[in-house]
Amino acid sequence: MRFLIRRLGRTLRNALPVLLILLPAAAACQNRVVINADLAKDTISRNIYGHFSEHLGRCIYGGYYVGEGNTKIPNTRGIRNDVVEALKKLRIPNLRWPGGCFADTYHWKDGIGPRTKRPAMVNSWWGGVTEDNSFGTHEFLDLCEQLGAEPYITGNVGSGTVQDFAQWVQYVNFDGVSPMSALRKENGRDKAWKVRFWGVGNEAWGCGGNMTAEYYANVYKTFATFIPSSWKAGSLWRIASGAGSSDFHWTEVLMRDIPQGLIEGIALHHYAVDWNHKSSATEFTEAEYFETMRRALEMEDLVQRHAAIMEKYDPQKKIALVVDEWGGWYDVEPGSNPGFLYQQNTMRDAMIAGVTLNIFNHHCDRVRMANLAQTVNVLQAVVLTEGERMIVTPTYHVMEMYAVHHDALLLPVTVAGSKYAMGEKSLPAVSVSASRDRSGATHVSLVNIDMGQSQDVVVEIHGAAFTSVSGRVLASGKVQDHNTFDDPARVKPAEFGGARLDGTTLHVKLPPCSVVVLALK
Ligand code: AHR
């Protein structure tokens with residue numbers, strides 16, 4: 001007997017290395033995805049892929065705008081050519097400006113006319129720096145024209161007047177004879193820009209005025225009444241300052257108290273951050289990574305619950321849910337101004353972007369616009385600059401890969417699969433969304449947030465047949481990997497060879513911590 005036990009022990013010991021090698025493969029259990037192409041009905045608005053640029057840190061100044069004078073950086077009317085070129089590849093559909101918290105301190109008339117005569121102000125929310133107003137309405141709308149993006153202007157409700165706001169709309173949108181259109185012409189712009197998207201304040205519950213929902217609803221109605229929607233062909237969107245994350249009361253009150261004819265959108269802000277413990281952007285533990293992903297995935301529940309409230313009052317879905325601030329928020333880069341919110345961007349951010357955009361795609365019937373915070377040098381940026389140098393981040397690559405979903409028909413997807421676990425907690429490891437574009441091509445975006453395990457995914461496709469699959473993958477050795485000014489292409493997409501089509505079934509092997517976008521034809 002003793003001999004037998006010893007022999008069993010020896011056999012197990014000898015087999016251990018083999019078991020250890022086999023274990024990860026065995027643990028990478030299957031994920032079953034069904035794409036119901038036959039149930040498609042909603043279109044993914046390209047505006048879900050919008051961006052946000054605030055007068056904050058080096059987003060505007062140094063990021064986009066270097067001025068026309070004393071600079072070696074190639075620019076067009078003061079706007080950096082390299083940044084515009086990079087962003088054009090993302091086909092940015094809309095750009096939100098000038099804030100953020102800054103918006104409720106901003107007086108637009110200070111930012112028009114000859115630059116030497118523009119008064120300066122203090123950017124009280126962001127570093128207390130002097131804002132010289134050299135980048136104002138004309139410069140922003142020039143930037144949007146260079147990018148081919150629709151402008152989304154947030155007006156000042158917190159410290160501005162109804163008259164100021166109404167005049168701004170008149171200045172920008174009115175083609176007829178009026179004091180504001182005359183002023184615009186005097187400042188060199190003959191034709192009105194016809195801006196469609198207008199935010200009525202920002203975070204009115206916080207930096208926008210510390211209002212209650214009930215109070216803001218009344219303030220909103222006054223402002224919205226004097227923003228004439230007729231100054232834009234089609235309808236102008238008045239977007240109410242919305243809830244912070246899970247403030248469902250805010251959405252309920254706004255939907256209850258604001259008459260439908262006065263509102264086209266209601267905002268929601270949610271950052272993937274633990275406010276009590278922001279980690280380093282690049283040197284984080286797996287536990288910190290897991291927590292960021294948990295917060296990012298909360299977006300699913302938040303969108304569902306805010307949308308359910310909206311559904312009660314607006315079952316015809318006339319009012320859009322506009323997630324006009326989302327992304328990761330970490331400690332600022334060591335040595336940088338804490339008020340500038342400058343952070344690096346790693347594969348963790350690529351994961352946030354991939355899963356969040358999949359969530360928005362799924363809910364495109366209600367989420368018809370969203371804005372990643374923020375485009376250049378601030379928070380989850382897609383572009384970073386340092387003097388004359390510019391790099392793109394892992395988040396940039398996800399945005400570029402996902403551009404195939406712009407204005408495509410959402411193909412509903414169900415995912416049943418394995419979990420990415422940490423202690424007692426677990427998260428869905430795989431996130432998927434799919435769409436068919438106008439040329440008939442189907443695209444499937446898949447994310448594996450598990451940083452240790454690859455995931456085998458079996459995708460059944462109902463209601464469509466394909467003969468070829470190709471794709472690209474964004475992955476890297478470590479979740480902390482990122483691009484730097486000295487190593488700008490460390491993280492970049494590559495051809496993906498891990499997908500095989502077998503009739504109407506697709507077999508995919510997702511590497512750990514990866515984003516894959518497949519094209520099926
Ligand atoms: O994006 C940075 C800040 O976060 C914005 O100014 C504000 O709206 C939010 O709290």
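Helices (H or I, at least four residues) and strands (E, at least two) are taken here as DSSP runs, numbered from the N terminus. The model is a predicted one, in which local features need pLDDT of at least 70 and side-chain atom pairs count only at pLDDT 80 or more, while totals for chains, interfaces and linings use all residues. Residues are numbered from 1 along each chain as its sequence is written, and side-chain values use heavy atoms, with hydrogens and water left out.

**Exercise 1.** State how many helices and strands the protein has, and judge its radius of gyration against the globule rule.

*Solution.* Start with the DSSP runs, which give ten helices and 27 strands. Next, take the radius of gyration over C-alpha atoms and set it beside the rule, 2.2 Å times the number of residues to the power 0.38. For 521 residues a compact globule would have a value near 24 Å, and the 25 Å of the protein agrees with this. Finally, with buried meaning under 20% relative accessible area (1.4 Å probe, protein chains only), 57% of the 521 residues count as buried.

**Exercise 2.** Find which polar side-chain atoms lie close to oxygen atoms of the ligand, and how much of the ligand the protein covers.

*Solution.* Apply the polar-contact cut-off, a pair of N or O atoms within 3.5 Å. A polar side-chain atom of E325 lies 2.7 Å from a ligand oxygen, one of E203 lies 2.8 Å from a ligand oxygen, and one of Q374 lies 3.0 Å from a ligand oxygen. Then turn to accessible area (Shrake-Rupley method, 1.4 Å probe): of the 280 Å² that the ligand has on its own, the protein covers 93%.

Methods:
A polar contact is a pair of N or O atoms within 3.5 Å; within protein, one must be able to donate a hydrogen and the other to accept it, and residues adjacent in sequence count only if both atoms are side-chain atoms. Buried means under 20% relative accessible area, exposed over 50%, partly exposed in between (1.4 Å probe, protein chains only).
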